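Colleague: I'm new to this one, so could you walk me through it? I'll ask short questions as we go.

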Amino acid sequence: TLLACLAMKFNIACPATGCQKVIEIEDEKQLLHFYDKRMAQEVEGDVLGDDWKGYIFRISGGNDKQGFPMMQGVMLNHRCRLLLQKGSKCYRPRKAGERKRKSVRGCIVSHDLAVLNLVIIKKGEKDVEGLTDEKSAKPRRLGPKRANNIRKLFNLSKKDDVRDAIVRRKIEKDGKKDCFKAPKIQRLITPARLQRKLKWKAERRHRWEKSRAAAKEYNDLVAERLREERERRQSYKEKRRSLSRKMSEKKAAAASK
């Protein structure tokens, strides 16, 4: 029916609790606030009713009724075919150097979408059951690995040690002592790392100085060879001139006799 065609599902995610909730909107007046918006734009949640008052959503993507995903950077509100390669969104190559023309949707929201993905970036006045309430919050089994992401999660400064704030998992086994597991922190700046960078910098400078000295030695050698070649040619020309002068003098003397 017409209402079924106009209905759109909103997949709302809450990063703070790790929960997702799907709601179906059939009211065209509510959907109008999302039309012509682009991915990564923010939308106020007041348009969805009093339950979402004070919430702010960010549009993160969506699919149309045939399952084609929205692609960031394509300024269209309909489907198009693009030649995609390795590194492109919405495409995974199966062979080295493979390119393929695939159908994707533009990054502008339109009525053709079946599902619109939203992310909560600001919580409102009321809790939404199954999404933002504390009872439905899912504890993170694995914490972040990258040092900057750990700082962002726990609101740490650069002076704080991220190794103290890393998320550890408790491993329980029957008849064995409990142990804890923690991820290896990536991009961690330690004194050893700084010393290693200083060493690399000194090695690069040493290579540069060595290369510069070798180039100077080579240029001096080339200049010496050119100077010797010029002197050899000059001496050869002088010998030819003196020999020619002597031959002309002999011819002149023979002619005068």
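Modeller: Sure, and one term before we start: a residue is buried under 20% relative accessible area, exposed over 50%, and partly exposed in between. Keep in mind that this is a predicted model.

Colleague: Is D220 buried, exposed or partly exposed?

Modeller: The relative accessible area of D220 is 43%. Partly exposed covers values between 20% and 50%, so D220 counts as partly exposed.

Colleague: Which residue does D220 meet in a salt bridge?

Modeller: Side chains of opposite charge can pair when their charged atoms come close. Here D220 has a partner in helix α4 (residues 191-256), four residues away, so about one helical turn separates the two. That partner is exposed, at 55% relative accessibility. With 3.4 Å from N to O, the salt bridge of D220 is with K216.

Colleague: Which residues are joined into one network by salt bridges that share partners?

Modeller: Here the salt bridges have partners in common, and that links the residues up. The network consists of D64, R79, R105 and D112.

Colleague: How far apart are the closest N and O atoms of D161 and R163?

Modeller: D161 is partly exposed, at 32% relative accessible area. R163 is partly exposed too, at 43%. A salt bridge needs the nitrogen within 4 Å of the oxygen, and for D161 and R163 the closest N and O atoms are apart by 3.1 Å.

Colleague: What about K170: which residue does its side chain meet in a salt bridge?

Modeller: K170 is partly exposed at 46% relative accessibility. Its partner is exposed, at 58%. The N to O distance is 3.8 Å, and the partner is E172.

Colleague: How many salt bridges does the count come to?

Modeller: The rule asks for a Lys or Arg side-chain nitrogen within 4 Å of a carboxyl oxygen of Asp or Glu. By that rule, the count is 13.

Colleague: Where does E44 lie, and which residues gather with E44 in a patch of negative charge?

Modeller: E44 lies in strand β3 (residues 42-44). E44 is exposed, with a relative accessible area of 54%. On the surface, the residues gathering with E44 in the negative patch are D46, D50, D51 and E125.

Colleague: Last one: which residues of helix α3 are buried?

Modeller: α3 runs over residues 147-154, and its buried residues are A147, I150 and R151. Seen down the axis, they fall within an arc of 100°, so one face of the helix is lined by A147, I150 and R151.

Definitions and conventions
Residues numbered from 1 in each chain as written. Predicted model: local features only at pLDDT ≥ 70, side-chain atom pairs only at ≥ 80, totals over all residues. Heavy atoms only, no water. Patch = residues over 30% accessible without salt bridge, like charges linked within 9 Å, V, L, I, M, F, W, Y side chains within 5 Å. Areas by Shrake-Rupley, 256 points an atom, 1.4 Å probe, with all protein chains shown as cover. Lys, Arg positive; Asp, Glu negative; His and termini not counted. Charge placed at Lys NZ, Arg CZ, Asp CG, Glu CD. Buried < 20%, exposed > 50% of the residue type's maximum accessible area, 1.4 Å probe, protein only. Arc of directions from axis to C-beta.
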